[in-house]
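Please work through the exercises below with the structure open beside the text, and try each task before reading its solution.

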Amino acid sequence: YRPHFSVSSQLKAPTGKYEHADSDKLETDLMGNGSWDHGLGLIFTKKFKPFIFHADTIYSLPQEVRVDEVKTRYGNYLTYDFGVEYFLPKGFNLMFEANGYLQGDQKDDGEITPSSDVQYFTVSPGIGWSNDKLQALLAYQRVVSGINTDANDSLVLTCVYTLSGAGNLRVFLCRDAAHLDYCFKDSKENTANKTGADAGNRRRI
């Protein structure tokens, strides 16, 4: 079969709390970074029986935002994903996905903050099931390497229910609230931007 290519555009809106962090909660009350991010990417899919391979990449440009009275410009970032699926009888399938993230240094009040770049690489094996209306995926996600990011292990459950003529209804669950950001596709940018702000301690895992 011929491979399938497509071009995608992305707009990330600042819907989560991104400033005035509660120190008593160790900043876990922050769920966003405050910036509008415009992105453009490519998507590739190819079937090699009995497998289906997927790959995509998106390059995004965050816009300047004021965070706690500081003009902040997060670095541009590149996300890339690779996945493979193997289909089983009765609607089941096995999957394995790898995800990467690369972001440059950020600027605070026009000055580059040294060592505020963010990098990480995660792997996610899982099992899924689907029919005409419902898709479900249970996966284990692990951050295997990174700079200025958290070394988290997460259990992710994704359910997608297709409404007739009304798109999809998605439900995400995680093993605890501290790892909620890893349950959402666009949360990689949120987590990385928050951890990258601590430029004084460049952490490598």
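The exercises that follow concern a predicted model, and each one is followed by a worked solution.

**Exercise 1. Backbone features in the loops**

Task: Find which residues are joined by a cis peptide bond, and say where Asp68 and Lys90 lie.

Solution. Begin with the peptide bond between Lys49 and Pro50, which is cis, with omega at about 5 degrees. Pro50 belongs to the loop that runs between strand 2 (37–48) and strand 3 (51–62).

Next, turn to Asp68, which has a positive phi near 50 degrees although Asp68 is a residue other than glycine. Asp68 is placed in the loop between strand 4 (65–67) and strand 5 (70–73), and with a relative accessibility of 38% it counts as partly exposed.

Finally, look at Lys90, which is not a glycine either and has a positive phi of about 60 degrees. The loop that holds Lys90 lies between strand 6 (77–87) and strand 7 (92–103), and Lys90 counts as exposed because its relative accessibility is 74%, where the cut-off is over 50%.

**Exercise 2. Strand pairing**

Task: Work out how strand 10 pairs with strand 7 and with strand 11, and give the order of the strands in the open sheet.

Solution. First take strand 7 and strand 10 (residues 118–130), which run antiparallel and are joined by twelve bridges; within this pairing, Glu97 stands opposite Ser124 of strand 10.

Then follow strand 10 to strand 11 (residues 134–147), where the pairing is antiparallel over ten bridges. Val123 has Arg142 in strand 11 as its bridge partner, and the two strands, 10 and 11, form a hairpin with three residues between them.

The last step is the open sheet of four strands, whose order is 4-5-8-9 with antiparallel pairing. Its edge strands are strand 4 and strand 9 (111–112), each of which pairs on one side only. Strand 8 (residues 107–108) is joined to strand 9 by two bridges in the antiparallel sense, and Asp108 stands opposite Glu111 there.

**Exercise 3. Aromatic rings and the nonpolar patch**

Task: Describe the geometry of the ring pair Phe48 and Phe53, then find which residues form the cluster and the nonpolar patch.

Solution. A pair of aromatic rings is described by the distance of the centres and the angle of the planes. The structure has seven aromatic pairs. In the pair of Phe48 and Phe53, the centres are 5.8 Å apart and the planes stand at 75 degrees, an edge-to-face arrangement.

Continue with Phe51 and Phe53, whose ring centres are 6.2 Å apart and whose planes are at 50 degrees, so this pair is tilted. Phe48 is partly exposed at 46% relative accessibility, Phe53 is partly exposed at 35%, and Phe51 is likewise partly exposed at 35%.

Joining the ring pairs gives a cluster of Phe48, Phe51, Phe53 and Tyr86. A charge is found here as well, since the charged end of Lys46 sits over the ring of Phe48 at 4.1 Å from its centre.

The nonpolar patch on the surface includes Phe48, Phe51, Phe53, Tyr86 and Ile127, and its residues together have about 930 Å² of accessible area. Strand 3, strand 7 and strand 11 each supply at least two of its residues, while Ile127 has its place in strand 10 and counts as partly exposed at 38% relative accessibility.

**Exercise 4. Salt bridges**

Task: Say how many salt bridges the structure holds, and decide whether Asp37 is buried or exposed.

Solution. Side chains of opposite charge can pair when their charged atoms come close. The structure holds three salt bridges.

Asp37 pairs with Lys12, with the closest N and O atoms 3.5 Å apart. This pair links distant parts of the chain, with Asp37 in strand 2 and Lys12 in strand 1 (residues 4–12), 25 residues apart. Asp37 is buried at a relative accessible area of 0%, and Lys12 is also buried, at 4%.

Lys17 forms a salt bridge with Asp29, where the closest N and O atoms are 2.7 Å apart. Lys17 and Asp29 both lie in the loop between strand 1 and strand 2, so the pair ties together parts that are twelve residues apart in sequence. Lys17 is partly exposed at 37%, whereas Asp29 is buried at 15%.

The remaining pair is Arg142 with Asp153, whose closest N and O atoms are 2.5 Å apart. Arg142 in strand 11 and Asp153 in strand 12 (residues 153–163) are eleven residues apart, and Arg142 is partly exposed at 37%, as is Asp153 at 24%.

Key: Residues are numbered from 1 along each chain as its sequence is written. This is a predicted model: local features need pLDDT of at least 70, side-chain atom pairs count only at pLDDT 80 or more; totals for chains, interfaces and linings use all residues. Side-chain values use heavy atoms; hydrogens and water are left out. Buried means under 20% relative accessible area, exposed over 50%, partly exposed in between (1.4 Å probe, protein chains only). Two strands pair if DSSP finds at least two bridges between them. Rings of Phe, Tyr and Trp (its six-membered ring) pair if their centres lie within 6.5 Å; planes under 30 degrees apart count as stacked, over 60 as edge-to-face and the rest as tilted. A charge sits over a ring if NZ of Lys or CZ of Arg is within 6 Å of the ring centre and within 35 degrees of the ring normal. Patches are made of residues with over 30% relative accessible area and no salt bridge: like charges are joined within 9 Å, nonpolar side chains (Val, Leu, Ile, Met, Phe, Trp, Tyr) within 5 Å. Accessible areas come from the Shrake-Rupley method with a 1.4 Å probe; for residues, only the protein chains shown count as cover. A salt bridge is a side-chain nitrogen of Lys or Arg within 4 Å of a carboxyl oxygen of Asp or Glu.
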